[in-house]
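Visitor: I am new to this structure and should like to study one part of it closely before turning to the rest. Please choose a single part and explain how it is placed within the whole.

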Amino acid sequence: MTTVTTSDALRDALGLLRDREEVAERLLASSAKHSFDPDKELDWSAPFEDGKWFWPPELLSLYDTPMWRRMSEDQRMELSRHEAASLGSLGIWFEIILMQLLVRHIYDKPVTSKHVRYALTEIADECRHSMMFARVIQKAGSPAYPVPRLYHNLARVLKTVSTTPGSFAATLLGEEILDWMQRLTFPDERVQSLMRGVTRIHVVEEARHVRYAREELRRQMVTAPAWERELTRVSCGEAARVFSTCFVNPQVYENVGLDRRAAVAQVKASGHRREVMQNGARRLTDFLDDIGVLRGVGRRLWQSSGLLA
């Protein structure tokens, strides 16, 4: 990874960084063309379809385990309903954190800049996404699945003390793995139409959010002091560990009539599940590796999370 080359140009291992205002201008133009109101875009009055999944079966945590093979098809579909609710709950938690981190990021920035304007546009997107996820959980008749209280409170610390590069690294972690799964979900005709519509909207709008976060994280990893880059590596690795722990709330298994302890053990032992999670994270981990985030303790934490081989 290289550093500043001239007074007005920044370069890293991926090449020359674009000007902040230029990036924001393009993202604002895309937002104007491709933004959605889920309340109007989706048919919330239509009933769920019989015999359709709420999440692709191959992406469910127990898929291809001994327990999965003993489950009836109805129980598997019920698991998909609860896991979708768990992922939606996790998504809302992450997006609320992200909105607060974005507000902190722009607090000292010029209020008339396109960079700030796009951040506010993204916050508006995330507000709609959180309400959309909550609405689909409620319509499905599933409970919400909050993260464990320990991690809920640790996030309070993150929101208070996170540095800018740490904030954007955590943002990408929360966005890119779910985005990979949703890109497999929205074209899948086996999945409920409403779920496909929800994931389509999220994928289209999250593509802009990922671009914004990637560009800013690249900039920060070039310009931040050494201590802040090292803190980012460690905090990002710890966030990966927490994320993988919270990905599916174990209460899901009890709510579909399974033994919680046995289900968790089989998920941890599942080669298929490990492959799914690592495939979902690969685009992100390749990027983080290129820009110097996956080093030292941070890399070992990523490996312990199961998201990096």
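Guide: Two residues are in contact when heavy atoms of one lie within 4.5 Å of heavy atoms of the other. With that term settled, I propose helix α6, which runs through residues 149-161. Please bear in mind that the model is a predicted one.

The length of the helix may be considered before its surroundings. Helix α6 has 13 residues, which at 1.5 Å a residue should span 18 Å. The C-alpha atoms at its two ends are 19 Å apart, in agreement with that expectation.

Next comes the question of which residues face inward. A residue counts as buried when its relative accessible area is under 20%, and as exposed when that area is over 50%. In α6 the buried residues are Y151, A155 and K159. These residues lie on the same side of α6, because the arc they cover around the axis is only 90°. On the other side, R149, L150, T160 and V161 are exposed. The helix thus has a buried side, formed by Y151, A155 and K159, and another side with exposed residues.

What do the buried residues of α6 pack against? Their partners are helix α4 and helix α9, the latter comprising residues 226-246. One residue of α4 shows this from the partner's side. L101 is found in helix α4, and with a relative accessible area of 5% it is buried. Beyond its neighbours within four places in sequence, L101 is in contact with L158, K159, S162 and S167. K159 has already been named as a buried residue of α6. As for H152, its C-alpha atom is 15 Å from that of L101, and the two residues are 51 apart in sequence.

Helix α4 leads on to the interior of the protein. The largest nonpolar core comprises 86 residues, and those with the most contacts inside it are L62, L217, F247, Y253, L288, W302 and L307. Helix α4, residues 73-106, gives the most to this core, with 15 residues. F247, among the residues just named, touches S86, L87, L90, I177, L178, M181, R273 and M277, apart from residues up to four places away in sequence.

Burial is also found at residues of other kinds. R208 lies in helix α8, residues 193-223, and at 3% relative accessibility it counts as buried. Its side chain makes a polar contact of 3.2 Å with the side chain of S35. Neighbours within four places aside, R208 is in contact with L27, S30, S31, H34, S35, Y118 and D125. P57, found in the loop between α2 and α3, is likewise buried, at 5% relative accessibility. Its contacts beyond four places in sequence are Y63, W68 and R190.

Finally, the whole chain gives the setting for α6. The secondary structure of the protein chain comes to 13 helices and two strands. Its radius of gyration is 20 Å, close to the 19 Å that the globule rule gives for 309 residues, so the chain is as compact as a globular protein of that length. Along its principal axes the C-alpha trace spans about 65 × 45 × 30 Å. Of the 309 residues, 53% count as buried. Among contacts with a separation of 6 or more, 81% are between residues 24 or more positions apart.

Conventions: Residues numbered from 1 in each chain as written. Predicted model: local features only at pLDDT ≥ 70, side-chain atom pairs only at ≥ 80, totals over all residues. Heavy atoms only, no water. Core = buried A, V, L, I, M, F, W, Y, C linked by side-chain atoms within 4.5 Å. Buried < 20%, exposed > 50% of the residue type's maximum accessible area, 1.4 Å probe, protein only. Helix = DSSP H or I, 4+ residues; strand = E, 2+ residues; numbered from the N terminus. Expected span 1.5 Å × (residues − 1). Arc of directions from axis to C-beta. Polar contact = N/O pair within 3.5 Å; in protein donor to acceptor, adjacent residues only side chain to side chain. Rg over C-alpha atoms; globule rule 2.2 N^0.38 Å.
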